[in-house]
Amino acid sequence: MEQKSLSDAELEIMKIIWNAKKPLLFAQITEALAAAGNPWQKNTLITLLSRLMQKGYLKAAKHGRKNEYIPCIEEHEFQAMQTKQFVNRIYEGNVSGLITQLVQNDTLTEAEYAQLKQILEEK
């Protein structure tokens with residue numbers, strides 16, 4: 001899938017749907033947004049859901065008279081594609097450049113550093 005970029009608002013909606021681990025109705029998405037402190041207007045949410053469907057991230061299935069929103073891509077797939085695009089764009093495909101930055105700039109916690117070290121040793 002050629003990945004189209006997501007706005008922050010679109011990503012927020014996708015995270016709600018991914019975290020639910022099941023298809024969600026419009027009302028359920030609205031409730032989750034409100035619970036997160038983002039009570040959006042109905043038309044705003046309709047527009048964003050429509051964009052996500054046009055971009056290929058979501059599909060809608062009729063559930064009675066209501067739409068049920070289903071992700072077309074899993075979160076881990078999205079993260080992998082985003083990471084690859086980031087490394088290609090910022091580090092010209094050089095993954096070690098990214099890792100060097102993370103380690104040298106104290107971005108990683110001790111636990112994250114140990115986990116990364118373990119992953120590298122296992123490969």
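**Exercise 1.** In this predicted model, determine how many bridges join β2 to β3 and in which direction the two strands run.

*Solution.* Begin with the pair itself: β2 and β3 (residues 66–71) run antiparallel and are joined by six bridges. A single pair then illustrates the register, since His63 has Lys66 in β3 as its bridge partner.

**Exercise 2.** Establish the strand order of the open sheet, identify its edge strands, and describe how α1 packs on the sheet.

*Solution.* The three strands are arranged in the order β1-β3-β2, with antiparallel pairing. Next, consider which strands pair on one side only: these are β1 (24–25) and β2 (58–63), the edge strands. Finally, α1 packs on this sheet and touches β1, β2 and β3, its direction making about 85° with that of β3.

**Exercise 3.** Identify the residues that touch the most other members of the largest nonpolar core, and the element that gives the most to this core.

*Solution.* The core comprises 18 residues, among which Ile13 and Ile29 touch the most other members. Two or more residues come from each of α1 (8–20), α2 (26–35) and α3 (42–54). Of the contributing elements, α1 gives the most, with five residues. Leaving aside residues up to four places away in sequence, Ile13 touches Ile29, Trp40, Leu45, Leu48, Leu49 and Leu52.

**Exercise 4.** Compare the reach of α4 with its expected span, and characterise the residue that follows the helix.

*Solution.* Helix α4 (residues 75–91) contains 17 residues. With an expected span of one less than that number times 1.5 Å, the expected value is 24 Å, and the helix reaches 23 Å from its first C-alpha to its last, which is close to it. After α4 comes Glu92, with a positive phi near 50°.

Note on methods. Residues numbered from 1 in each chain as written. Predicted model: local features only at pLDDT ≥ 70, side-chain atom pairs only at ≥ 80, totals over all residues. Heavy atoms only, no water. Core = buried A, V, L, I, M, F, W, Y, C linked by side-chain atoms within 4.5 Å. Buried < 20%, exposed > 50% of the residue type's maximum accessible area, 1.4 Å probe, protein only. Helix = DSSP H or I, 4+ residues; strand = E, 2+ residues; numbered from the N terminus. Contact = heavy atoms within 4.5 Å. Pairing = 2+ DSSP bridges. Axes fitted to C-alpha atoms, helices over the stretch in contact; angles between N-to-C directions.
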